[in-house]
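Biologist: I'd like to walk through this one with you, a question at a time. Could you put it up so we can both look?

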Amino acid sequence: MSRSTRHPVPPRRPATAKRLRRLGAWPDPRVYLLRHAEVLLSSLGRLWRNPVASLMTVAVIGIALALPTGLHLLLENARLLSGGWDGSTQVSLFLRREVPEAESQRLARALGERPEIAESTLIPRAEALEEFRALSGFGGALDALEENPLPDVIVVRPAPGHAAPEEVEALVTELRVTPGVEHARLDMQWVKRLYALMEIVRRGVEVVAVLLGLAVLLVVGNTIRLDIQNRRREIEVAKLIGATDAFIRRPFLYSGAWYGLFGGVAAWLLVSMALWATGGPVQQLALLYQSQFRLVAADAPTVLALLVGGALLGLLGSWLAVGRHLRAIEPS
Amino acid sequence: MIRFDEVQKRYPGGHEALKGVTFAIDKGELVFLTGHSGAGKSTLLKLIALIERVSHGQVVVDGENLTRMRRARVPYLRRRLGIIFQDHHLLYDRTVFDNVALPLVISGVPHVEVGRRVRAALDKVGLLGKERLYPITLSGGEQQRVGIARAVVHKPVLLIADEPTGNLDPDLAREIMQLFLLFNQVGVTVLIATHALDLVRALGERVLHLEHGRLDELRVGGR
Ligand SMILES: Nc1ncnc2c1ncn2[C@@H]1O[C@H](COP(=O)(O)OP(=O)(O)OP(=O)(O)O)[C@@H](O)[C@H]1O
Ligand SMILES: [Mg+2]
């Protein structure tokens with residue numbers, strides 16, 4: 001008789017749900033949820049019992065998250081501010097020299113009645129010359145000229161509802177071919193440049209955010225790694241009496257999420273403090289420019305994104321650490 | 001319940017701790033495992049709990065072939081075992097109650113039942129009054145009994161113990177052995193590795209004797 005018939009190996013029974021449940025693999029869902037809630041709270045309690053270490057980690061995460069959040073807010077404020085300046089876009093129409101002043105006045109009035117134009121002001125050539133003489137200091141040179149070299153100029157300001165860059169461009173193109181107009185100049189170039197500059201800064205902020213997000217992953221990962229090392233014995237015992245990887249992983253994942261969430265809260269506090277500290281001077285500066293501008297704080301979606309993002313980063317960071325370090329610990 | 005078939009265990013480094021061990025233990029048996037220091041007793045028990053894996057041959061425990069068992073299924077095997085070590089692997093930052101409750105918490109037993117079963121297990125080992133204490137405040141024998149309570153609280157089908165009486169005085173050792181007999185009487189299969197040969201002789205149960213990694217079965221008396 002061969003050995004294999006003496007010791008037959010029974011066929012593997014299929015892992016039916018009922019059997020898994022009997023073995024404790026699939027506990028009652030209510031019990032399961034309750035356990036999750038318990039682990040969630042006990043991992044919070046664990047952070048609470050090591051306040052100094054936990055606060056250090058949270059502070060580092062907070063600073064890392066506060067930087068991109070603060071820059072984002074700065075950009076947001078810059079966008080609002082430049083949005084306010086859109087109203088000051090203006091088009092200068094230089095009329096042909098041969099157009100008589102009466103005709104210039106008629107054109108200015110006609111333009112002023114158009115709905116897409118808020119205001120249309122004529123600067124007669126004589127007035128322009130006086131102004132130039134007063135401001136430039138070239139008075140003597142001008143006197144040498146036989147006649148006024150300046151044309152009549154009509155300054156047009158687009159109506160508030162028609163101040164978007166494309167609409168203003170279209171208006172300028174049309175005005176350029178109006179009879180009597182020699183040349184039209186749009187004083188908007190600097191707004192465009194500002195927008196371009198802000199776009200670059202925005203990209204920069206995104207890069208900084210990604211880098212600091214990685215830093216948060218590393219900080220959380222390292223904290224959880226130390227935590228795993230400190231609880232090595234506990235993990236060994238748990239594995240020895242039949243804890244699954246998921247069971248052992250859970251408290252560490254929740255700790256990571258807590259770190260991230262509190263880091264998000266810390267970042268919010270830091271940014272709010274920075275806003276509060278700069279709010280006064282900014283308002284004074286705005287007053288000097290006769291502006292009602294005030295710094296806006298983080299709105300609800302931003303705060304929510306900060307907190308949820310922080311928690312998710314913490315979760316991911318601890319997931320990475322747990323995946324690398326838990327498997328190495330086996331009872332012996 | 002347990003079947004070893006030509007089991008060989010070679011540790012990394014080349015030392016052969018078990019050299020072709022074959023035996024079977026039926027459901028409901030109580031068996032002692034004896035042998036000199038370094039004979040391979042701990043190694044044999046570790047193979048049963050899948051703390052180590054065999055190099056050759058096969059091990060079947062409670063109807064499952066451990067040789068082919070995937071890592072993810074190991075926890076479910078261990079939940080059917082009760083494991084007791086000489087250094088009892090207690091968690092010193094948790095109360096006696098929490099230590100004993102651990103196997104139940106791990107397998108998701110509802111709260112009310114946890115309390116009931118932990119107290120029943122502590123009652124069996126005579127530590128009912130000490131559930132709120134921390135293990136560090138207990139004597140060596142008491143700590144060992146906490147370990148035993150934790151090993152039986154989830155009603156395992158198989159209890160394995162590695163020198164459970166190692167550093168206890170003879171009276172305590174006898175007391176602990178009586179506990180194992182008690183569990184055996186309610187149907188638990190028990191396998192105990194021990195040096196306490198006089199105790200083993202006095203009890204007259206089946207004995208597996210290891211000699212340099214080879215098995216040499218002797219039956220001391222009968223029941
Ligand atoms: N992890 C390991 N790596 C390498 N060799 C090991 C390992 N564990 C045990 N051994 C060796 O295997 C042999 C058997 O060890 P084992 O622990 O099984 O003996 P034992 O019978 O339990 O001895 P004791 O009565 O002293 O506890 C010993 O020679 C030991 O040195
Ligand atoms: Mg040993």
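Modeller: Before we start, a cut-off we'll need: a residue is buried under 20% relative accessible area, exposed over 50%, and partly exposed in between. Also, keep in mind that this is a predicted model.

Biologist: Okay, let's use that right away. Is B:Glu6 buried, exposed or partly exposed?

Modeller: B:Glu6 sits in strand S1 (residues 2–10) of chain B. Its relative accessible area is 38%. Buried needs under 20% and exposed needs over 50%, so B:Glu6 comes out as partly exposed.

Biologist: What is the phi of B:Glu6?

Modeller: As background, most residues other than glycine have a negative phi. B:Glu6 is not a glycine, yet its phi is positive. The value is about 50°.

Biologist: Where in chain B is B:His212, another residue with a positive phi?

Modeller: B:His212 isn't a glycine either, and its phi is near 50°. Its place is a loop, with strand S9 (206–211) and strand S10 (214–219) on its two sides. So for B:His212 the answer is the loop between S9 and S10 of chain B, by a cut of DSSP runs.

Biologist: On to the ligand. Which residues are the closest to ligand 1?

Modeller: The shell around ligand 1 holds 13 residues. By type they split into three nonpolar, eight polar and two charged. The closest are B:Ser37, B:Gly38, B:Lys41, B:Ser42 and B:Thr43.

Biologist: And which helix gives the largest share of that shell?

Modeller: Three residues of the shell around ligand 1 come from one helix of chain B. That helix covers residues 41–48. It's H1 of chain B.

Biologist: What share of ligand 1 does the protein bury?

Modeller: Start with the polar contacts to oxygen atoms of ligand 1: a backbone N or O atom of B:Ala39 at 3.2 Å, a side-chain N or O atom of B:Glu163 at 3.2 Å, and a polar side-chain atom of B:His195 at 3.1 Å. As for area, ligand 1 taken alone exposes 630 Å². The protein buries 64% of that.

Biologist: Now H4 of chain B. What span is expected for this helix?

Modeller: H4(B) runs over residues 111–124, which makes 14 residues. From first C-alpha to last the helix reaches 20 Å. At 1.5 Å a residue, that is close to the expected 20 Å.

Biologist: Which helices help cover the buried residues of H4(B)?

Modeller: The residues being covered are B:Val114, B:Gly115, B:Arg117, B:Val118, B:Ala121 and B:Leu122. Some of the cover comes from another chain, namely helix H3 (29–49) of chain A. Chain B adds its own helices, so the cover includes H3 of chain A together with H3 (96–106) and H5 (140–152) of chain B.

Biologist: There's an arginine in that buried set. Why does B:Arg117 count as buried?

Modeller: B:Arg117 belongs to helix H4 of chain B. Beyond its neighbours within four places in sequence, B:Arg117 is in contact with B:Leu104, B:Val109, B:Val153, B:His154 and B:Lys155. B:Arg117 counts as buried because its relative accessibility is 15%.

Biologist: How many of the eleven residues of H3(B) are buried?

Modeller: H3(B) is mostly covered. The buried residues include B:Val96, B:Phe97 and B:Asn99, and the buried set packs against helix H10 (232–240) and helix H11 (245–288) of chain A together with H4 and H5 of chain B. The count of buried residues in H3(B) is nine.

Biologist: Which backbone oxygen does the side chain of B:Ser107 reach?

Modeller: B:Ser107 lies in the loop between H3 and H4 of chain B. At 17% relative accessibility, B:Ser107 counts as buried. Its side chain makes a 2.9 Å polar contact, and the partner is the backbone oxygen of B:Pro103.

Biologist: Last one, for chain A. What percentage of its residues count as buried?

Modeller: Chain A has twelve helices and four strands. It exposes about 19,800 Å², with carbon and sulfur atoms supplying 65% of that. Of its 332 residues, the buried share is 37%.

Definitions and conventions
Residues numbered from 1 in each chain as written. Chains lettered and ligands numbered in written order. Predicted model: local features only at pLDDT ≥ 70, side-chain atom pairs only at ≥ 80, totals over all residues. Heavy atoms only, no water. Near = heavy atom within 4 Å. Polar contact = N/O pair within 3.5 Å; in protein donor to acceptor, adjacent residues only side chain to side chain. Areas by Shrake-Rupley, 256 points an atom, 1.4 Å probe, with all protein chains shown as cover. Nonpolar A, V, L, I, M, F, W, Y, C, P; charged D, E, K, R; others polar. Expected span 1.5 Å × (residues − 1). Buried < 20%, exposed > 50% of the residue type's maximum accessible area, 1.4 Å probe, protein only. Contact = heavy atoms within 4.5 Å.
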